[in-house]
Amino acid sequence: MDRERLPVVVEVTGLLQDPAFHVAKCAAEALKLKFPSNFADPVVHPLLEFAWNEYLQEKKKELRGEVWAYASSVMCFINGWLLGDEKELLQWAYHKWGYCDFKPEALYQAITEDFYTKHLKSSQHVFVYLDIAIEEQPIGTLLFELFSDVCPKTCENFRALCEGGVMSPCSGQELTYKNTCFHRLVKPVWIQGGDENFAVPHKGRGVLGMANKGRHSNGSQFYITLQPVPYLDKKCVAFGYVCTSLHLLWHIGCPSSAGHGGPCNSYGNCNKDISGQGDDG
């Protein structure tokens, strides 16, 4: 078969919480619909923040050159060759195929929010979050994806402590992370807070793990990595990762963050809140 007649393969990989990814995704899908014999089914990879950062670093190593300075939240490829971000895909689609995108920005924002909610609901994992404050000033929310299929006991323990409501039979106090501090900062490696399975590697910033004092000694203290720490593999149980707002880790771990970091408030399993259905959803 003539190579010129082979269907064009458009590949889109990007941060699923960013409208730019959905602009590129919709363009790739529209080209297939408009020119079905000229295009193969688009290859689309929606990624949460942790996975996107990991993908981007690997692509920078693979492609080198000007990709080192790549700052967009989406990568578009044509037949395996990097084209660029969503704007460059739209320019290519217009000049090569006469395709124009007239969807308003507000529509893409709505598409993004709906896709994000459905993506989290369709996952087999549990999501929880911590509201973070430094010196009693809220700075944002860390959303965690827990690998409940790999480390079910550890994940359930962490989820219960985030949600609260369970009382200690000994002290009568509530067992919860609410209003506890990140009490330990090991620069620039991890932060620790929260006064067995080793399947999850410590391969990047934002890995969530359970601190211990040796084998079978996990308690309630957890840590979040600030960089790859492979020497913790097979020593500490990593059971999830921060999938959004990774920039907050810098604020918690930076020198100005009140020494060892600020207090954090936590609220339980986030599936209801993320979906926008509230407590009655």
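Two strands are taken to pair if DSSP finds at least two bridges between them; helices (H or I, at least four residues) and strands (E, at least two) are DSSP runs, numbered from the N terminus. The model is a predicted one, in which local features need pLDDT of at least 70, side-chain atom pairs count only at pLDDT 80 or more, and totals for chains, interfaces and linings use all residues. Residues are numbered from 1 along each chain as its sequence is written, and side-chain values use heavy atoms, without hydrogens and water.

Strand β1 (residues 10-15) pairs with β2 in the parallel sense over 5 bridges, and Gly 14 has Pro 46 of β2 as its bridge partner. An open sheet of 4 strands, with mixed pairing, follows the order β2-β1-β3-β4. β2 (43-47) and β4 (81-84) each have a single partner strand at the edges, so one side of each lacks a neighbour in the sheet. From one strand to the next, the twist averages 20°.

Two helices lie across strands of the sheet, as tabulated; angles run from 0 to 180 degrees between N-to-C directions, with axes fitted to C-alpha atoms, for helices over the stretch in contact (heavy atoms within 4.5 Å).

| Helix | Strands crossed | Angle |
|---|---|---|
| α1 (residues 19-34) | β1, β2 and β3 (74-78) | about 160° to β1 |
| α3 (residues 86-97) | β1, β3 and β4 | about 30° to β3 |

A nonpolar core is a set of buried Ala, Val, Leu, Ile, Met, Phe, Trp, Tyr and Cys residues joined through side-chain atoms within 4.5 Å, buried being under 20% relative accessible area with a 1.4 Å probe, protein chains only. The largest such core has 27 residues, with Leu 142, Phe 144, Phe 158, Phe 222 and Ile 224 making the most contacts inside it. Its largest share, 4 residues, comes from α5. Apart from this core lies another, of 20 residues, including Val 8 and Tyr 99.

Technical notes. Buried < 20%, exposed > 50% of the residue type's maximum accessible area, 1.4 Å probe, protein only.
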